[in-house]
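Take a walk through this protein, from its overall build to one pair of helices. Keep the model in view as you read.

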Amino acid sequence: MKKYLYIVVAALSFTACSQQFDHPDVSAYKDINIVVDPFYKSVFYDEQGDIPTLVTKLSESYNEIFPTYVSRELRLGTPSDMLFNQRFDEFIHYADNNELIAACDSAWDAHSSSWNAQLTDAFQCMKALIPNAPVPNVYAHVSGFNSKMFMDSTYISFSIEHYLGADCRFYQWLDVPIYARSTKNADYVTPDIVRAWLYGLYPNLSEKDDILSDIVYQGRILYCVWRIMPHLSMAQLLGYNDRQMSWCETYESKMWGYMAENNLLYSTKPMDKAKLINDAPFISYFGQNSPGRAPLYCGLRIAMAFMERFPKTSLEELLTYKDAQRILMGAAYNPK
């Protein structure tokens, strides 16, 4: 039987990680300019003509994303389906959407300029650090609270209603857990897009399907996001508050030791992965004061240690390694 580690946190003082990366030289990539396309406005505000005319216009103007948007995100089928126009009409004229669209408009008006600036800087940095990485077109859509993002090889689109602020009443009405609301604000749009784009470009090719491989893979992604957005704090990078960040810093060695002692690092059981890596209010193995996804902190620290020992390794090389054990051994990771 596995032993359970219950850790009580008492009046922890927060000590922010002192790691600081330099902003890369982006002078060769100043031609990159990200301007988010408010696709959702074309869906909800273009009232010129009937529904078939609107569907045709959107299919032509947004052929890059419209088919996926309606079929996968809204689950309305394809424009060629017999009942598609009726379903699409019901969606865009659903009365309860009016307040949601108004809230999305407010968020767009308040933050679109900063999103453009942040994304421009982030993708200039990405090209400077990972020259082979393509730069996507970026869209904002409304998904009816389905997935945060969808993407393909040339674009990424984020669901603007997932970034309306932690205190947004929609999240209360939908019973979104408190722990899951903290990153539902405008500041997380750019980090989430950068992380999602890296996930798409560099999927997990680890040779083993165990927890260690997942931890190391996600740690590498987080490390690269941090290098691309060096102004982020580690807490922002992980989506933690000060208390959660302090817990990870204080109990890193105990957390890692517990996973090693109980053979969790090499577990391939879906339940173990869900408990340790999925978003959650806490991790049952570590007690209610632990933050969800805490082992990803260890993954990030492993990536940091590896790159400190092998500074000539490019980010693309780091992202394409298949052997998590090789990275772990190269990092000489042994938290005390």
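The protein has 15 helices and three strands. Helices (H or I, at least four residues) and strands (E, at least two) are DSSP runs, numbered from the N terminus. This is a predicted model, where local features need pLDDT of at least 70, side-chain atom pairs count only at pLDDT 80 or more, and totals for chains, interfaces and linings use all residues. Residues are numbered from 1 along each chain as its sequence is written, and side-chain values use heavy atoms, leaving out hydrogens and water.

The radius of gyration, taken over C-alpha atoms, is 22 Å. The globule rule (2.2 Å times the number of residues to the power 0.38) gives 20 Å for 336 residues, so the protein is as compact as a globular protein of that length.

Of the 336 residues, 51% count as buried, meaning under 20% relative accessible area with a 1.4 Å probe, protein chains only. The largest nonpolar core has 118 residues. Such a core is a set of buried Ala, Val, Leu, Ile, Met, Phe, Trp, Tyr and Cys residues joined through side-chain atoms within 4.5 Å. Phe66 is among the members that touch the most others. Its contacts (heavy atoms within 4.5 Å) include Val55, Leu58, Phe84 and Phe88.

Those four residues also appear where H2 meets H4. The axes of H2 (residues 51-61) and H4 (residues 84-92) come within 10 Å and cross at roughly 90 degrees. That makes H2 roughly perpendicular to H4, a label for angles of 65 to 115 degrees. Axes here are lines fitted to C-alpha atoms over the stretch in contact, with angles from 0 to 180 degrees between N-to-C directions.

Note on methods:
Buried means under 20% relative accessible area, exposed over 50%, partly exposed in between (1.4 Å probe, protein chains only). Angles under 35 degrees count as roughly parallel, over 145 as roughly antiparallel, 65 to 115 as roughly perpendicular and the rest as oblique. Lists of a residue's contacts leave out its neighbours within four places in sequence.
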